[in-house]
Amino acid sequence: MSETEPVTNGTERPAETTAGETDERTREAWREYEFAGETKLAVEDLDVYYGDDHALKRVSMDIPEESVTALVGPSGCGKSTFLRCLNRMNDRIGTARIDGSVELDGQEVYQDGVDLVELRKQVGMVFQAPNPFPKSIRDNITYGPRQHGDIDTGLLARLTGRDDSEAADRLVERALRQAALWDEVEDRLDDNAMGLSGGQQQRLCLARCLAVDPEVILMDEPASALDPIATAKIEDLVEELAEEYTVVVVTHNMQQAARISDQTAVFLTGGELVEYDDTGKIFEDPESQRVEDYVSGKFG
Ligand SMILES: Nc1ncnc2c1ncn2[C@@H]1O[C@H](COP(=O)(O)OP(=O)(O)OP(=O)(O)O)[C@@H](O)[C@H]1O
Ligand SMILES: [Mg+2]
C-alpha cells in the first residue's frame, strides 16, 4: 500500500482504506445506476455500526426486480452486512445498529410492526456454507411451509381429514426441481440431508428457500465452498432464477460476477459503495480507478 496521507472520501470523512489506498475521491454519479425495470429494493443512506466500528457508510442503491445483482469487494468491506440488512438478519446481532432506509416494493422494512417471519419469507437467504437441518431431505423442504402454516400433515390433520400430504409431495418435487436437485434425490427423499454432498446440500438449501415462495433471494458466496462442477450448477440456477425472482449475490469470484449478474455493486474502503452499474460497464470501463484495479485483480 502507498504511504499517502489519509484523505477524504465522498462523504467528507477520512478514508480508512481496507485495500487499494489512493487519493481517489468517489463521486455520487458512480453509484447512480439507471435501469429500465421496476425497483424491488430501495436502500437509502444506510449506515451500519457494530459497536464503534462503522461497517457500512451511507450506502444508497436501488435493486431492480427479476435480475441478478452482484456485490463484490475485498474481505471486510461490508458485503455480508449489507446483504443481512435487506431482510433484517442484522437484528439478531446485539452490537449492530442500523440507520437509514430499506424499502421492499415501496414498504419500509425498518418500520415498527414489520413481521420479521413474513419479511424473511419474502426475502430468503442462502449462506456460504450449506446448512441443511439434520432431518430428511423431504423435511428440510417442508419445514418452512409448515412453520408458515401452509401445509399440515400432522396427526391432528390426518384425524380431521385435512391432511396435506399430496400438496407436500408436490411442493417437495417443485422446489427440488427448481433447485436442479430432483433427479439426484427423488428416490431418497427420506434419507438424512446430511448425507448429501456439499454441492447437493447447497442446492437443497436453495430448494428450502424456494419452498416458501420468496420474492427476493439473497446469496452470500453460495458457491465458494464448491467444486467447479457444483459451482457451474449454482451459476446456471442463479441465472434461471432471475427470470422470476430478484437475486442478490455476494461473490469473491470476479469471473462469476461477470458471468451471472446484470448489475454489479463494488464496495471498497471500509464499507463504502464506490461504484454500481451494469456489469459490463463495471468490468470493461469502470469510472473508478480503484474499481478497475480491484475487478482486474490488482488488489483484494
Ligand atoms: N457480528 C459482528 N460483530 C462485530 N463486527 C462485525 C460483525 N460482522 C461483521 N463485522 C465487521 O463489519 C465489517 C464488515 O464485515 P462483513 O462481514 O460485512 O464483510 P464482508 O465484506 O462480508 O467480508 P468477507 O468478504 O470476508 O465475507 C468488518 O470490519 C467486520 O469485522
Ligand atoms: Mg461476507
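User: How many bridges join E1 to strand E4?

Analyst: This is a predicted model. E4 covers residues 96–104 and runs antiparallel to E1. One of the pairs puts glutamate 44 opposite serine 101 in E4. The number of bridges joining E1 to E4 is eight.

User: Which residue in E2 is the bridge partner of alanine 42?

Analyst: Strand E1 spans residues 39–50. Eight bridges join E1 to E2, and the two run antiparallel. Alanine 42 has its bridge partner in E2, and that partner is aspartate 62.

User: Which glycine in the turn of the E1 and E2 hairpin has a positive phi?

Analyst: E1 and E2 form a hairpin with two residues between them. One residue in the turn has a phi of about 60 degrees. That residue is glycine 51.

User: Which strands stand at the edges of the sheet, each with a single partner strand?

Analyst: The sheet is open, has four strands and pairs antiparallel, in the order E2-E1-E4-E5. Two of its strands have a single partner strand each, so one side of each is left without a neighbour in the sheet. These edge strands are E2 and E5 (107–108).

User: Which residue other than glycine has a positive phi of about 45 degrees?

Analyst: Most residues other than glycine have a negative phi. The residue in question lies in strand E2. It has 18 other C-beta atoms within 10 Å, so it is partly exposed. It is arginine 58.

User: Where is arginine 88 found?

Analyst: Arginine 88 has a positive phi, near 60 degrees, without being a glycine. Its 17 C-beta neighbours inside 10 Å make it partly exposed. Arginine 88 is found in the loop between H1 and E4.

User: Which element gives the most to the shell around ligand 1?

Analyst: The shell has 13 residues, and the closest are Tyr50, Ala55, Ser75, Ser80 and Thr81. Strand E2 (53–64) and helix H1 (79–85) each supply at least two residues. The top contribution is three residues, and it comes from H1.

User: How many residues of the shell around ligand 1 are polar?

Analyst: Ligand 1 is surrounded by 13 residues. Four of them are nonpolar and two are charged. The polar residues number seven.

User: How far apart are the end C-alpha atoms of helix H7?

Analyst: H7 runs over residues 198–210, which is 13 residues. At 1.5 Å a residue, the helix should span 18 Å. The model agrees with that expectation, with its end C-alpha atoms at a separation of 18 Å.

User: How many of the 13 residues of H7 are buried?

Analyst: The buried set includes Gly199, Arg203, Leu206 and Leu210. These buried residues pack against strands E6 (123–126) and E7 (216–220) and helices H3 (137–147), H5 (165–178), H6 (182–185) and H8 (228–241). H7 is largely enclosed by the rest of the structure because its buried count is twelve.

User: Which residues touch the most other members of the largest nonpolar core?

Analyst: This core holds 73 residues. H7 gives the most to it, with six residues. One residue of H7, Ala207, is buried and touches Ile141, Ala175, Leu176, Gln178, Ala179 and Leu181, not counting residues up to four places away in sequence. The residues touching the most other core members are Ala207 and Val247.

User: Is glutamate 186 buried or partly exposed?

Analyst: Glutamate 186 lies in the loop between H6 and H7. Its C-alpha atom is separated by 9.6 Å from that of isoleucine 137, 49 residues apart along the chain. Glutamate 186 has 13 C-beta neighbours inside 10 Å, and burial takes 20 or more, so it counts as partly exposed.

User: What share of contacts in the protein, between residues at least 6 apart in sequence, join residues at least 24 apart?

Analyst: The protein has eleven helices and ten strands. Of its 300 residues, 42% count as buried. Contacts that join residues at least 24 apart make up 68%.

Note on methods. Residues numbered from 1 in each chain as written. Chains lettered and ligands numbered in written order. Predicted model: local features only at pLDDT ≥ 70, side-chain atom pairs only at ≥ 80, totals over all residues. Near = placed C-beta within 6 Å. Nonpolar A, V, L, I, M, F, W, Y, C, P; charged D, E, K, R; others polar. Expected span 1.5 Å × (residues − 1). Contact = placed C-beta atoms within 7 Å. Pairing = 2+ DSSP bridges. Core = buried A, V, L, I, M, F, W, Y, C linked by C-beta atoms within 7 Å.
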